[in-house]
Amino acid sequence: MSADEAAAELARLEAEAAAAAAELKLARAQAALAAARAAAVTTDAAPAEPASAEPAAAEPPAEAPAAESAQPAAAPPAGGPLDDGEVARIAQGYTFDEATLDLGALMNGAPLPDAQIRIPLAMTNRHGLVAGATGTGKTRTLQGLAEQLAAKGVPVFAADIKGDLTGVATAGEPNPKLLARTEAIGQAWEPAASVTEYFALGGIGTGVPVRATVTGFGPLLLSRVLGLNETQESSLGLVFHYADAHGLPLVDLSDLRAVLTYLTSDEGKPELKDLGGLSPATAGVILRELITFADGGADVFFGEPEFDVHDFLRTAPDGRGVISLLEVPGIADKPELFSTFLMYLLAELFEILPEVGDADKPKLVFFFDEAHLLFRDASKAFTAAIVQTVRLIRSKGVGVFFVTQTPKDVPADVLGQLGSRIQHALRAFTPDDAKALRATVSTYPTSGYDLERVLQELGTGEAIVTVMNEKGAPTPVAWTRLRAPQGLMSPTPAAAVQAVVAASPLLATYGTPVDRESAREILGAKMAAADAAADAAKAATERAKADAEYAKQKAAADKAQQKAERDAQREYERILRTTGGSTRTSRTREASPLEEILGSKTTQSIIGSVIRGVFGNGRRR
């Protein structure tokens with residue numbers, strides 16, 4: 001670049017700087033004028049403008065000609081998209097008598113530091129939505145809200161999927177860009193750290209382990225993470241009913257597997273039949289899904305000690321609320337489990353907290369990040385349960401802010417319950433995106449903005465805001481440049497996080513898993529007893545068979561013996577018959593008189609006649 005070109009470039013940059021300075025002064029003057037007019041309206045003063053406002057309004061034109069000569073086409077229209085009356089109306093709409101959370105400054109071509117946009121603290125239990133495309137500043141908005149709530153004594157719970165929120169525990173680091181931004185919106189920025197507690201689902205990651213029992217989780221939420229259809233969901237409810245009726249505690253997934261295995265076994269089939277609507281085929285499907293789910297590592301989230309959600313409601317000794325961060329980077333591949341577990345925690349809060357009605361500040365504000373995961377492919381029963389919980393938990397003093405990319409990610413019945421909306425930029429790259437953008441615009445009250453255009457032009461850290469005022473009515477739509485968090489806008493160092501976890505008083509309660517007697521052990525003992533009884537019956541049957549075989553063999557032996565004896569008798573008789581003559585003619589000794597008589601033919605003839613008479617064959621010859 002030549003010296004002349006460098007000089008021309010320098011002159012252009014100086015002109016741009018002068019134009020920017022003129023714009024800033026003009027915006028401040030307009031804000032001062034608008035505030036003065038608003039004050040005049042609210043106090044029923046004379047319509048004439050205060051004298052102090054005129055010099056402020058007249059101050060910028062002294063430098064305006066230089067800006068116009070340098071870059072006439074780039075100068076913004078005087079007053080921006082809103083006229084003075086609209087600016088005054090919006091500023092008045094966000095002026096409250098009670099404690100508030102400061103969101104930022106109204107934008108009207110440039111930020112107006114005297115027109116601050118706020119949420120009444122008491123209205124944060126009316127729920128809210130933080131939406132916007134990736135990279136538009138949702139996480140920093142969430143962080144800023146959490147810091148202010150905690151500073152006012154309200155405990156906060158937030159899920160931290162990427163680990164970006166851990167910086168809330170460390171004081172922020174100033175830099176010229178940050179300070180220029182905060183000064184422009186009227187924020188007196190100072191670095192500050194919040195009291196933070198770290199939790200981890202099932203101990204996966206860095207944090208105090210958070211676990212739930214299967215019984216506490218319930219069939220509806222478990223059906224959601226298992227991907228069951230409505231019929232299978234109903235059948236799983238019957239299994240839970242059976243376990244409860246038979247005193248079978250379902251602590252972890254192995255307990256539920258044991259119950260299903262038992263009901264599908266030969267011993268449990270009669271009881272399965274008594275359950276009516278639970279078919280063996282459906283029970284088998286649930287069992288297979290459960291095995292796959294557990295084998296994927298999800299079993300570590302279920303067990304004891306079960307987390308007590310009262311521990312989310314703590315405050316520090318100095319009165320500040322504790323920010324509870326649930327670290328979930330280890331389950332990025334289980335989004336349904338993550339979102340459903342958050343719903344479980346919310347449902348537990350609803351169950352245990354008493355009714356408090358409208359209070360000066362909520363007991364807890366619950367930030368539900370990545371809310372679209374909760375509603376994706378959700379059954380009607382599951383969505384209805386969410387709607388009911390969101391509608392009723394307000395009276396328990398709990399506010400819920402859903403954080404997602406577009407409002408269409410949240411069902412209409414849930415959106416209807418949200419009192420505050422902080423909408424960051426939306427993108428419209430496809431026809432579906434454009435349709436969603438128009439649908440979003442149609443849900444806002446009438447305003448002086450072309451919202452369909454503005455929502456696509458919002459800068460990072462800017463949002464379209466409308467909240468619920470102290471009377472329960474919506475505030476005017478306000479294009480807002482949001483305040484910067486006072487904590488670190490990058491993750492806290494891992495060593496510092498681990499030190500906080502190691503020093504946590506909750507670690508002694510939840511750090512070590514407990515495996516007490518539950519359905520698995522009870523059914524194992526029952527099935528072992530049944531197996532022992534079956535073995536005993538089998539042994540008795542075997543003994544009976546052996547005894548019968550022995551009796552049969554003994555009878556056969558006795559019969560053979562009897563036959564042998566008869567054969568021997570006949571053989572003896574035959575010998576007697578055949579040895580009769582030899583006895584008489586024996587030369588070895590002299591026959592006795594008796595032998596001579598018996599051996600005579602006459603005697604033999606008589607004996608033969610007697611035997612034939614006895615056996616009835618006397619006629620045989």
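Is F157 buried or exposed? At 0% relative accessibility, F157 counts as buried. The model discussed here is predicted.

## Aromatic pairs

The whole structure contains 16 aromatic pairs. In one of them, the ring centres of F157 and F366 lie 4.5 Å apart with planes at 25°, so this pair is stacked. The two residues come from distant parts of the chain: F157 belongs to strand β4 and F366 to strand β8 (residues 364-368), with their positions 209 residues apart. F366 has a relative accessible area of 0%, and is therefore buried.

A second pair is formed by F217 and F341, whose ring centres are 5.8 Å apart; their planes meet at 45°, so the pair is tilted. This pair too joins distant parts of the chain, with F217 in helix α7 (residues 214-226) and F341 in helix α12, 124 residues apart. Both F217 and F341 are buried. Ring pairs also connect a cluster made up of F157, F199, F307, F312, F366, F368, F375, F402 and Y510.

## Nonpolar cores

The largest nonpolar core comprises 80 residues, and those with the most contacts inside it are L222, L256, F341, L345, F366 and F402. Helix α12 (residues 335-352) provides the largest share of this core, 10 residues. Apart from it lies another core, of 53 residues, which includes A91, L101, L103 and V154.

When neighbours within four places in sequence are left aside, F341 is in contact with L201, V210, R211, A212, F217 and F301. Helix α12 also holds S339. With a relative accessibility of 0%, S339 counts as buried because the limit for that class is under 20%. Beyond its neighbours within four places in sequence, S339 is in contact with F368, L373 and L374.

## The largest pocket

The largest pocket encloses about 800 Å³ of space. Its lining consists of 37 residues, of which G137, K138, T139, R140 and T460 are the closest to the pocket centre. By class, the lining of the largest pocket comprises 12 nonpolar, 14 polar and 11 charged residues.

Several elements of secondary structure contribute to this lining. At least two lining residues come from each of α5 (138-151), β4 (156-160), α6 (176-184) and β9 (398-404). The largest share, 5 residues, is supplied by α5. Strand β4, one of these contributors, is also the strand in which F157 is found.

## Backbone features

The peptide bond joining E304 and P305 is cis, with omega of about 5°. P305 is located in the loop between α11 (280-295) and β7 (323-327).

Two residues that are not glycine are noted here for a positive phi. For H127 the angle is about 70°, and the residue is placed in the loop between β2 (111-120) and β3 (128-131). The relative accessible area of H127 is 2%, so this residue is buried. For E370, phi is about 50°, and the residue lies in the loop between β8 and α13 (372-375). Strand β8, at one end of that loop, is the strand that holds F366 of the stacked pair.

How values were computed:
Residues numbered from 1 in each chain as written. Predicted model: local features only at pLDDT ≥ 70, side-chain atom pairs only at ≥ 80, totals over all residues. Heavy atoms only, no water. Core = buried A, V, L, I, M, F, W, Y, C linked by side-chain atoms within 4.5 Å. Buried < 20%, exposed > 50% of the residue type's maximum accessible area, 1.4 Å probe, protein only. Helix = DSSP H or I, 4+ residues; strand = E, 2+ residues; numbered from the N terminus. Contact = heavy atoms within 4.5 Å. 1 Å grid on protein atoms, 1.4 Å probe; cavity = no way out; pocket = protein on both sides within 12 Å on 5 of 7 lines; lining within 4 Å. Points joined across faces, edges and corners; volume = space filled by probe spheres on them. Nonpolar A, V, L, I, M, F, W, Y, C, P; charged D, E, K, R; others polar. Phe/Tyr/Trp six-rings, centres within 6.5 Å; stacked < 30°, edge-to-face > 60°.
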